[in-house]
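Hi,

Here is the structure I promised to pass on. Have a look at it first, and then read my notes below.

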Amino acid sequence: MTQATARQSPTTSEGDIADAIAATRATFESRRTSPLSWRRAQLRGLERMLTEHADRVHDALLSDLGKNATEAHLTEVTAVVQEARLLRRKLRRWTKERRRRTSPLIGTSRASIQRQPLGPVLIIGPWNYPINLVLVPLAGAIAAGNTAVLKPSELAPASSRLLAELVPQYLDPTAVRVVEGGVDETTRLLEEPWGRILYTGNSKVGSIVMEAAAKHLTPVTLELGGKSPLWIDDSVSIKSAARSIAWGKFTNCGQTCVAPDYVLTTRRVAGELARELTAAIEEFYGAEPRLSPDYGRIVNERHAERLAGLLGAGELVTGGDVDIDSRYVAPTVLVGVSREDAIMQEEIFGPILPIVVVDDLDAAIDVINERPHPLALYAYTRRRRVKKALSARTQSGGLTFNTAVAQLSVPHLPFGGVGNSGMGAYRGEQSIRTFSHERSVLHKTRGVDSTRAVHPPHSRWKERVVTKASTRMLP
Ligand code: NAD
């Protein structure tokens with residue numbers, strides 16, 4: 001067995017997959033998951049699962065990605081617990097039927113929107129935040145009253161195993177199931193109709209998911225990636241910005257979907273930024289990051305090799321060491337990288353930060369706009385003019401000023417991409433919307449139905465009534 005094969009999760013048998021599909025479907029159809037009491041109990045179960053087994057989550061993440069325990073706790077355990085807690089506390093408010101104004105044409109009536117669960121949902125997760133990116137969507141799915149099948153990434157085998165072991169102990173096993181495996185198992189799951197599929201991963205597989213979903217007209221939420229640009233100008237402290245950028249970039253060894261992928265700045269700023277990034281890296285991880293317990297590893301040898309192939313562009317400022325066997329890629333900064341270099345053609349998804357020098361903000365906006373819409377767009381600036389220009393002249397999943405990655409700690413901001421970086425979003429109330437159908441309900445309460453004014457035979461009198469009613473309907 002090669003090392004690469006050894007780093008794959010075990011697979012769930014065809015019989016168990018069929019059973020997971022049948023169970024989640026039957027439970028949904030029984031409507032047992034609708035009462036808020038059931039949903040609250042599941043969210044509590046999720047919170048308990050993570051808090052009681054935080055150490056095991058840390059160990060799994062250390063094994064899969066060399067993640068430091070503090071980082072694992074913050075970005076995976078706490079992230080899930082906070083999301084589940086928020087949804088539990090706001091459950092009544094976010095799921096209640098909402099009244100809407102009705103139409104005078106109908107006379108006395110009541111209009112409302114009811115948030116109804118969609119059915120069993122399929123959540124397909126990636127390897128980079130293998131617990132968070134399966135369980136945060138799950139919290140939304142159960143809060144909205146759905147059942148769910150979870151398919152964690154086979155490339156984070158320890159996390160996948162742990163989920164398969166713990167989920168049945170803490171959550172209703174007839175409503176939430178874990179299916180382990182890779183392409184074959186996911187392909188099998190994609191043959192089924194679902195209430196929704198939420199997929200997180202790369203855009204190529206995103207297309208495969210969408211194509212499979214189209215067969216059943218299953219709605220999809222695609223949480224994809226891409227190259228997230230970062231603009232910085234001389235209106236901010238370059239030293240503080242460099243620390244913030246280094247944290248956003250090198251956390252999880254650069255394997256974060258919203259990590260700044262590349263920097264755009266002027267020649268004036270580039271040199272100072274390169275020096276301050278070097279200092280920040282040394283401050284965080286010491287002179288030899290390989291020895292730092294706080295610095296992670298690349299998920300597998302294949303990705304480490306891919307990253308090694310991206311080095312060589314521009315001028316090396318710091319880093320550049322790669323050890324494929326131990327999946328180590330040093331935190332690396334390259335300056336003077338050109339837009340045509342290989343590193344600028346694909347999402348880096350690793351600890352290499354190229355700095356691309358441009359003439360000014362307009363040129364930076366051109367670079368951003370000549371590429372697919374990114375998931376995140378960052379700017380370190382105090383200038384209102386710059387903020388307004390980026391806001392008005394670019395498109396991206398999110399826009400963040402003067403911090404990096406930390407936008408994910410705001411659960412009230414929906415998280416999702418646009419164009420190549422994804423479709424749909426989730427987190428907080430947006431998760432309830434994503435995993436619900438907003439059903440329009442109209443209730444004619446009493447009185448004569450004034451729609452008789454539109455029944456034939458038509459007359460001048462009826463026309464006047466309809467015109468008057470339609471004018472009153474205008475907002
Ligand atoms: P991955 O290889 O773990 O794949 C993701 C999932 O897709 C896995 O569960 C895998 O089993 C499944 N899969 C893989 N190939 C498949 C196929 N042919 N058919 C069906 N299913 C298949 O993860 P990845 O794609 O390497 O993840 C990295 C990418 O994900 C990056 O582009 C990153 O930016 C993006 N990402 C996005 C977000 C977000 O929230 N927007 C979060 C994390 C990662």
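Which residues does arginine 427 touch, leaving out those up to four places away in sequence? The list is Glu83, Val136, Leu408, Val410, Pro411, Leu413 and Phe415, where a contact means heavy atoms within 4.5 Å.

Before the rest, two notes on how to read this. It's a predicted model, with local features needing pLDDT of at least 70 and side-chain atom pairs counting only at pLDDT 80 or more, while totals for chains, interfaces and linings use all residues. Residues are numbered from 1 along each chain as its sequence is written, and side-chain values use heavy atoms, with hydrogens and water left out.

Back to arginine 427. You'll find it in the loop between strand S17 (422-423) and helix H15 (428-434); helices (H or I, at least four residues) and strands (E, at least two) are DSSP runs, numbered from the N terminus. Arginine 427 counts as buried at 12% relative accessibility (buried is under 20% relative accessible area, exposed over 50%, partly exposed in between, with a 1.4 Å probe and protein chains only). Its side chain reaches the backbone oxygen of leucine 408 at 2.8 Å. That is a polar contact, meaning a pair of N or O atoms within 3.5 Å; within protein, one must be able to donate a hydrogen and the other to accept it, and residues adjacent in sequence count only if both atoms are side-chain atoms. Proline 411 is 16 residues from arginine 427 in sequence, yet their C-alpha atoms are 5.6 Å apart in space.

Threonine 75 has a similar write-up. It sits in helix H5 and counts as buried, at 16% relative accessibility. Its side chain reaches the backbone oxygen of glutamate 71 at 2.8 Å, and threonine 75 also touches Lys67, Tyr129 and Asn132, again not counting residues up to four places away in sequence.

Now the sheet. It is open, has 7 strands in the order S10-S13-S14-S9-S8-S15-S16, and its pairing is mixed; two strands pair if DSSP finds at least two bridges between them. Strand S10 (315-318) and strand S16 (398-401) are the edge strands with a single partner each, so one side of each has no neighbour in the sheet. On average, neighbouring strands are turned by 25° against each other, direction ignored (axes are lines fitted to C-alpha atoms, for helices over the stretch in contact, and angles run from 0 to 180 degrees between N-to-C directions).

S10 and strand S13 (residues 332-335) run antiparallel and are joined by 3 bridges, with glutamate 315 partnered by valine 335 in S13. Helix H11 (residues 267-285) packs on the sheet, touching strand S8 (229-232), strand S9 (262-265), S10, S13 and strand S14 (352-357), and its direction makes about 165° with that of S14. S8 and S9 run parallel, also with 3 bridges, and tryptophan 231 has leucine 264 in S9 as its bridge partner. From S9, Tyr262 and Leu264 point one way and Val263 and Thr265 the other, and all are buried.

How many salt bridges are there in the whole structure? The search finds 28, each a side-chain nitrogen of Lys or Arg within 4 Å of a carboxyl oxygen of Asp or Glu. Three of them:

- Arginine 85 pairs with glutamate 47, closest N and O atoms 3.4 Å apart. The two are 38 residues apart, in helix H5 (residues 69-95) and helix H3 (residues 36-52) respectively. Arginine 85 is partly exposed at 32%, whereas glutamate 47 is buried at 7%.
- Glutamate 192 pairs with arginine 188 at 3.0 Å, and both are buried.
- Arginine 383 pairs with aspartate 233 at 3.4 Å. Arginine 383 lies in the loop between strand S15 (376-380) and helix H14 (384-393), and aspartate 233 in the loop between S8 and helix H10 (238-250), so the pair ties together parts 150 residues apart in sequence. Arginine 383 is partly exposed at 31%, and aspartate 233 is buried at 4%.

Salt bridges with shared partners also join Glu14, Arg25, Arg188, Glu191 and Glu192 into one network.

Finally, the ligand. There are 27 residues around it, and Ser153, Glu154, Asn202, Leu224 and Glu347 come nearest (a residue is near if one of its heavy atoms lies within 4 Å). A side-chain N or O atom of asparagine 202 is 2.6 Å from a ligand oxygen. A backbone N or O atom of glycine 125 lies 2.7 Å from an oxygen atom of the ligand, and a polar side-chain atom of tryptophan 127 lies 3.0 Å from one.

Cheers
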